[in-house]
Amino acid sequence: MRALTLVGAATTAGLLLSACQGGLQPVPGLNQQLSRLGESQSPSLASDWLALVATRPGGRAQVQLIDRRRNAPVPLLGLNRPDSLPISVAVDQRGEHLAVVRQRDDRSELVLYRRSIQVAQLVPIEPAGVPSRVSISADGRVLAVEVSRAGLWQVDLLELP
């Protein structure tokens with residue numbers, strides 16, 4: 001019995017190692033969809049949702065949300081402004097809340113977008129600082145924001161109402 005357990009463990013370990021050595025495989029269909037968006041950065045993956053900053057050749061950067069079940073982009077009316085440049089984006093597991101750090105009028109700002117009502121709301125940083133990256137909890141209730149204050153990097157946790 002013990003020999004079978006050791007053989008089983010060795011087989012499992014061998015399979016895991018060969019999977020790692022062979023490399024990971026791209027998700028079929030999704031990578032083609034992403035390549036059509038242009039240059040992409042700052043990905044955030046939560047459940048069936050992928051948020052990222054995409055820039056088409058000759059275009060401007062925009063936040064994109066992809067529904068992974070359908071491999072299709074989701075409209076984000078009211079989020080992407082012509083006078084702003086998104087830097088970082090995060091999405092919750094329902095795809096309802098997107099947190100975005102964007103540059104606008106030579107300053108960085110933190111925005112919370114509620115997809116169901118298509119509203120982008122500025123989130124104040126107190127004490128004042130310059131946000132650079134953001135992540136959001138799976139339930140969409142807490143933001144973790146990387147903030148620069150007086151030349152030092154800090155992380156603020158912000159509870160949302």
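Begin by selecting Asp48, which is partly exposed with a relative accessible area of 27%; here buried means under 20% relative accessible area, exposed means over 50%, and partly exposed lies in between (1.4 Å probe, protein chains only). The model is a predicted one, in which local features need pLDDT of at least 70 and side-chain atom pairs count only at pLDDT 80 or more, while totals for chains, interfaces and linings use all residues. Residues are numbered from 1 along each chain as its sequence is written, and side-chain values use heavy atoms, with hydrogens and water left out.

Now add Arg69, which is exposed at 54% relative accessible area and whose side chain meets that of Asp48 in a salt bridge (3.9 Å, N to O); the term stands for a side-chain nitrogen of Lys or Arg within 4 Å of a carboxyl oxygen of Asp or Glu.

Next, select Arg104 and Asp83, whose side chains form a salt bridge of 3.2 Å, N to O. Arg104 is buried, with a relative accessible area of 15%, whereas Asp83 counts as partly exposed at 36%. Both belong to a network of salt bridges that also links Arg81, Arg102, Asp105, Arg107 and Glu109. Within this network, look at Glu109 and Arg107, where the closest N and O atoms of their salt bridge are 3.5 Å apart; Glu109 is buried at 5% relative accessibility, and Arg107 is partly exposed at 40%.

A search of the whole structure finds 11 salt bridges.
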